[in-house]
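Here is a short report on one protein chain. Look at the overall form before turning to single residues.

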Amino acid sequence: MSVDEVSGLRAMLRAYRERMWDLDVVERAEAIVRESRRQQVSQALEETLTRLDEAVQAANNAHDGTDVVAMIDAEQQLCAAQHVAQTLLRRHLDETRAADQVQAAYSAHRNEVSQRIKSIEIMLARQRITGL
């Protein structure tokens, strides 16, 4: 192996190591954003479930009485709370799936870069051992 080829391999090795570092930084940043978003959705869902419980209780109380307008209003509030809860649950599931896909993509890319780094390191080690 010529000096230029060895230098080229070393340059490629540095570039792949930098790529791996960049990948780690971006992945950590995205993980922070995903966790923050997950917490926001979880908090909104918790608040919505509390409102849903209150709406169920209000509907039950309204049905105990004779005020039809109060019953209708309570049922409408219950339906609205259910809709919001379902929407948040769906969003949470969609974001969880998307996060899993992103994580899988990072993992695949990391494995690919890691394999390239190992291959170059092996070629450089062989060159040092054999001097070729």
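## Surface and overall form

The protein chain has an accessible surface of about 9,400 Å², and 56% of that surface belongs to carbon and sulfur atoms. Keep in mind that this is a predicted model.

Start with the secondary structure. The protein chain has two helices and zero strands. Its radius of gyration is 28 Å, well over the 14 Å that the globule rule gives for 132 residues, so the chain is more spread out than a compact globule. The span along the principal axes fits into the picture here. The C-alpha trace covers about 95 × 15 × 15 Å.

How much of the protein chain is buried? Buried residues make up 20% of the 132 residues.

Now take the contacts in the protein chain between residues at least 6 apart in sequence. Of these, 82% join residues at least 24 apart.

Charge comes next. The protein chain carries 17 positive and 21 negative side chains. The centres of the two sets lie 15 Å apart.

## Three residues to find

Three residues serve as examples. The table gives the place and the relative accessibility of each.

| Residue | Place | Relative accessibility |
|---|---|---|
| Thr48 | helix H1 (residues 3-64) | 2%, buried |
| Asp67 | loop between H1 and H2 | 43%, partly exposed |
| Ser119 | helix H2 (residues 68-130) | 40%, partly exposed |

**Thr48.** Is Thr48 buried or exposed? Thr48 counts as buried, because its relative accessibility is 2% and the cut-off for buried is under 20%. Which residues does Thr48 touch, not counting those up to four places away in sequence? They are Ala81, Val84, Ala85 and Leu88. Helix H2 covers residues 68-130, and Thr48 itself is found in helix H1. The side chain of Thr48 also reaches the backbone oxygen of Ala44, at 2.8 Å.

**Asp67.** Move on to the loop between H1 and H2, where Asp67 has its place. Asp67 counts as partly exposed, at 43% relative accessibility. What lies 3.1 Å from a polar atom of the Asp67 side chain? The backbone nitrogen of Val69 does.

**Ser119.** Finish in helix H2, where Ser119 is found. Ser119 is partly exposed, with a relative accessible area of 40%. Compare its position with that of Leu88, one of the residues that Thr48 touches. Ser119 and Leu88 are 31 residues apart in sequence. In space they are 46 Å apart, C-alpha to C-alpha.

Terms used:
Residues numbered from 1 in each chain as written. Predicted model: local features only at pLDDT ≥ 70, side-chain atom pairs only at ≥ 80, totals over all residues. Heavy atoms only, no water. Helix = DSSP H or I, 4+ residues; strand = E, 2+ residues; numbered from the N terminus. Buried < 20%, exposed > 50% of the residue type's maximum accessible area, 1.4 Å probe, protein only. Polar contact = N/O pair within 3.5 Å; in protein donor to acceptor, adjacent residues only side chain to side chain. Contact = heavy atoms within 4.5 Å. Rg over C-alpha atoms; globule rule 2.2 N^0.38 Å. Areas by Shrake-Rupley, 256 points an atom, 1.4 Å probe, with all protein chains shown as cover. Lys, Arg positive; Asp, Glu negative; His and termini not counted. Charge placed at Lys NZ, Arg CZ, Asp CG, Glu CD.
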